[in-house]
Amino acid sequence: MRNVGYPGRHRTTGVNRHDGSTGQRTGQALLLVRPRQPRPAIAPVATDTDEPAASSTPPKKISLADPAARWTAAPGGPAFFAYSTNYLIDLQAGIIVDVEATPANRSQEVESTRTMINRVEHQRDLKPRRLVGDTAYGTAALLGWMVEQKHIEPHVSVWDKTTRKDNTFSRSEFIWNEQANEYRCPAGNALRSDWRPFRNARTHVTKADTIVYRASQMDCDGCSMKDRCCPNTLFRKVVRSVHEAARDEARRIAATPEYKQSRRQRKKVEMLFAHLKRILKLDRLRLRGPSGAHDEFLMAATAQNLRRMAKWLTPEGKQANQAAT
Ligand code: SF4
């Protein structure tokens with residue numbers, strides 16, 4: 001079992017432009033090392049349901065030469081067709097342990113983490129003890145998979161958009177009671193997933209893997225805090241993910257000194273992507289399709305690993321002599 005893993009992603013232009021002709025793209029278009037907010041395939045939802053929703057919007061443009069490439073852009077930059085390279089690296093050694101090519105789409109990039117973790121586990125008997133990543137990897141589904149299925153420590157900030165900005169109560173102001181399976185609102189009343197017994201037991205789990213907890217309308221009708229709680233609805237609802245325990249685990253880890261160290265170590269993957277772009281000049285793919293992109297990304301990662309190994313094997317004095325001659 002290795003100490004740590006870190007997934008990261010970087011976008012590279014596809015082989016051809018959208019009109020099918022070959023052409024040079026400017027380097028400027030490639031300043032896309034893990035953009036903070038590319039035109040999102042997943043978008044934050046400003047409700048109690050704090051998970052990013054997968055976009056059902058069809059792509060704006062489809063490449064005639066390579067339909068699997070995704071039309072994308074950095075904020076303020078020009079758009080182009082691109083694939084993403086996703087790395088899983090060993091933070092201790094700085095070695096890339098797996099590579100996965102995906103279309104330049106945030107949800108597919110994040111999902112590639114599962115593919116890579118499973119692959120290195122089955123093929124190389126490597127399993128990370130902790131996984132370090134940014135907020136994109138902090139979705140409830142991925143955290144649930146990490147904690148509940150793979151037993152990996154999530155050193156990842158939780159994707160949480162439940163804080164309300166309209167001065168009404170946010171979800172954090174409702175107290176969860178695990179044993180009673182209910183929330184308590186600031187007025188001390190219960191929010192439950194079911195207010196009456198059902199002949200056939202129901203899970204109340206929605207398609208989004210959440211459970212909706214509702215206050216009693218009678219409680220809310222006469223409540224002095226209604227204006228600050230649910231001014232536009234008859235009663236208050238609070239949505240809880242079925243993976244909330246995993247999210248709580250990630251929040252607990254985020255308060256530890258180990259998490260701060262993990263955050264500092266994240267730059268190791270950023271450096272690999274910078275190296276990929278500036279030294280290896282991988283700003284354009286020559287092969288088409290997802291398999292072509294995968295082959296090129298794999299070769300580039302191999303070159304990066306060989307370069308690192310050469311540095312390890314060459315004594316420092318010898319390196320200095322070679323540089324002087
Ligand atoms: S409005 Fe309803 S849910 Fe909100 S504080 Fe009052 S009783 Fe509780």
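Of the 325 residues in the chain, 32% count as buried. The model is a predicted one, and its chain holds nine helices and 13 strands. Contacts between residues well apart in sequence carry a good part of the picture: among contacts with a separation of 6 or more, 64% are made by residues 24 or more positions apart.

What about the nonpolar interior? The largest nonpolar core takes in 40 residues, and Y83, Y87, I89, I96, L143 and L272 are the ones that touch the most other members. Several elements give two or more residues to this core: strand 5 (79–90), strand 6 (95–103), helix 1, strand 7, helix 2, helix 5 (244–254), helix 7 (267–278) and helix 8 (289–313). Strand 5 gives the most, with seven residues. Apart from this core lies another one, made up of nine residues, including F174, C185, Y213 and C220.

Strand 7, one of the contributors to the 40-residue core, spans residues 130–133. In a regular strand, side chains alternate between the two faces of the sheet. Here R130 and V132 point one way, while L131 and G133 point the other way. Whichever way they point, all four of these residues are buried. Strand 7 pairs with strand 8 (residues 153–156) through four bridges, and the two strands run parallel. Within that pairing, R130 stands opposite E153 of strand 8. To get from strand 7 to strand 8 the chain passes through helix 2 (residues 140–150), and the resulting β-α-β crossover is right-handed.

Past strand 8, the loop that leads to strand 9 (175–177) contains F174. Is F174 buried or exposed? With 21 other C-beta atoms within 10 Å, and a cut-off of 20 or more for burial, F174 is buried. Setting aside neighbours within four places in sequence, F174 is in contact with Y183, R184, C185, L191 and V238. P186 also belongs in this picture: F174 and P186 are 12 residues apart in sequence, yet their C-alpha atoms are 6.3 Å apart in space. One of the contact partners of F174, C185, joins F174 in the nine-residue core.

C185 turns up again at the ligand. The ligand is surrounded by 13 residues, of which C185, A215, C220, C223 and C229 are the closest. C220, like C185, is also listed in the nine-residue core. Helix 3 (217–221) and helix 4 (226–229) each supply at least two residues of the shell around the ligand. Sorted by class, that shell has nine nonpolar, one polar and three charged residues.

Two loop residues stand out for their backbone angles. D125 has a positive phi of about 55° although it is not a glycine, and D125 sits in the loop between helix 1 (106–124) and strand 7. N167 is another non-glycine residue with a positive phi, in this case near 70°. The loop between strand 8 and strand 9 is where N167 is found; that loop also houses F174. How do these two positions fare for burial? D125 counts as exposed because it has 9 C-beta neighbours inside 10 Å, where 12 or fewer is the cut-off. N167 likewise has 9 C-beta neighbours inside 10 Å and so counts as exposed. The loop between strand 8 and strand 9 thus holds both an exposed residue, N167, and a buried one, F174.

Definitions and conventions: Residues are numbered from 1 along each chain as its sequence is written. This is a predicted model: local features need pLDDT of at least 70, side-chain atom pairs count only at pLDDT 80 or more; totals for chains, interfaces and linings use all residues. Two strands pair if DSSP finds at least two bridges between them. A crossover is right-handed if, with the strands pointing away from the viewer, the path from the first strand over the helix to the second runs clockwise. Two residues are in contact if their C-beta atoms, placed from the backbone, lie within 7 Å. A residue is near a molecule or strand if its C-beta atom, placed from the backbone, lies within 6 Å of it. Ala, Val, Leu, Ile, Met, Phe, Trp, Tyr, Cys and Pro count as nonpolar, Asp, Glu, Lys and Arg as charged, and the others, Gly among them, as polar. A nonpolar core is a set of buried Ala, Val, Leu, Ile, Met, Phe, Trp, Tyr and Cys residues joined through C-beta atoms within 7 Å.
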